[in-house]
Amino acid sequence: MYGIDLGTTNSVISIIDNDGKPRVIENKNGGRITPSAIFTKDNKEFVIGENAKKKYGMDPTHTILSIKRLMGANEKIKIDEIEYSPEELSAKILRKMVDDANEKLGINYNQVVITVPAYFDDNQRNATKKAGEIAGLEVLRIINEPTAAALAYGLDQREPRTICVYDLGGGTFDVSILTIGENICEVNSTAGNTRLGGDDFDEILSKWIIDIFERDSGVLISNQTVAISRIREAAENAKKQLSESNEADIIIPFITQDENGPVNLELNIKRSEFEEMISEKVQETIECVKNAIEDSKINKSDISEILLVGGSTRTPLVQKSIEEFFGKTPNRNLNPDEVVSIGAAIQSGIINGSIENIILADVTPLTDRKSTRLNSSHGKLT
Ligand code: AMP
């Protein structure tokens, strides 16, 4: 039995090992996270993951990103004259995750627990289940991502408490206030923005790089697709580096050429400069946190723990802003990319009995959810 975090940007699959401990299973290329990217041309082979993501810059019409945004929507995606439902395309990702894991472990499991955002409605949950079925999988349960995170942290086994799960990924942000303990988990409120995430940080940094390059070199590159996609990649790398160090070098050899020959791009950025650029976006997430707390009718001071989920919570300014807001250090002991998938695996272990002493977690029916505030522009693919 597997636990799968089927993410907008990346997906992760985990299993409970024989020793009862959860473990992420690497994909065929050795990656612990698999981009939720799909590439297909002439409707022959479907390429999923890192290689599909790389195709986006070169062949965007045959590359599908962020299909999760369309789950539950009555929309079709046309690729080379053939129409696919979001469920069918998500099924390709799920199948690839399970196939890679089975191959790696030399087994043939097809039972899964899949996570969804707490704000997903019935339609979106059913679509996710259907995606699993199309992939030939038996979907044992759909559980909320924040609940999975809480499970991974073992919070269900302690005394009841109210927690905040702050999830900032590549393209989406959501925050949930949960009451958890004594084997139940209630989602009190959720808020977020389905168009806010680390991709925005990359975009802002890319624009900064382009502006400086054009100003200093006098060469215009904003209309050069390949140059722009290389800058995007360099921006994401620099962003990640700035999570570890106080400055980063951005070097792209032969980014373009002018009448004198090849032109290189070479810049340095300080963490403080980057933080200034993204501060408005980070503040937007804090406003959502305020909304979620207000809707939950729970006092901020009664929130005993803040869990960080999603790759973008590695950004120091994000951590600092949350800490300032709550007056508490958020818990980031577990890998923010993997915590949801680990929680899904734990849920699968609870279901099949390989993890004892836990009766049940989550299964928060939609009607129990007190409030959801989302700024979303549901529908468009990136
Ligand atoms: P997720 O959707 O949770 O997989 O998160 C993906 C996002 O996390 C992407 O925007 C990544 O660029 C971002 N990310 C990954 N590692 C880091 C890091 N070390 N610092 C800042 N952002 C990161």
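**View 1. Helices α5 (198-217) and α6 (225-241) at the ligand, where each supplies at least two residues of the surrounding shell.** Helices here are DSSP runs of H or I with at least four residues, strands are runs of E with at least two, and both are numbered from the N terminus. The model is predicted, so local features need pLDDT of at least 70 and side-chain atom pairs count only at pLDDT 80 or more, while totals for chains, interfaces and linings use all residues. Residues are numbered from 1 along each chain as its sequence is written, and side-chain values use heavy atoms, with hydrogens and water left out. The ligand is surrounded by 16 residues, the closest being Asn10, Glu236, Lys239, Ser243 and Gly311, where a residue counts if one of its heavy atoms lies within 4 Å of the ligand. Helix α6 gives the most to this shell, with 3 residues.

**View 2. Side chains of Lys239 and Ser243 beside the ligand.** An N or O atom in the side chain of Lys239 is 2.6 Å from an oxygen atom of the ligand, whereas for the side chain of Ser243 the partner is a nitrogen atom of the ligand, also at 2.6 Å. A nitrogen atom of the ligand is 3.3 Å from an N or O atom in the side chain of Arg314.

**View 3. Elements lining the second largest pocket.** Strands β4 (34-35) and β6 (46-48) and helices α1 (50-58) and α2 (86-105) each supply at least two residues of the lining, and α2 gives the most, with 5 residues. A pocket is an open set of points on a 1 Å grid over the protein atoms alone, where a 1.4 Å probe fits, with protein on both sides within 12 Å along at least five of seven lines, and lining residues have an atom within 4 Å of a point.

Terms used. Polar contact = N/O pair within 3.5 Å; in protein donor to acceptor, adjacent residues only side chain to side chain.
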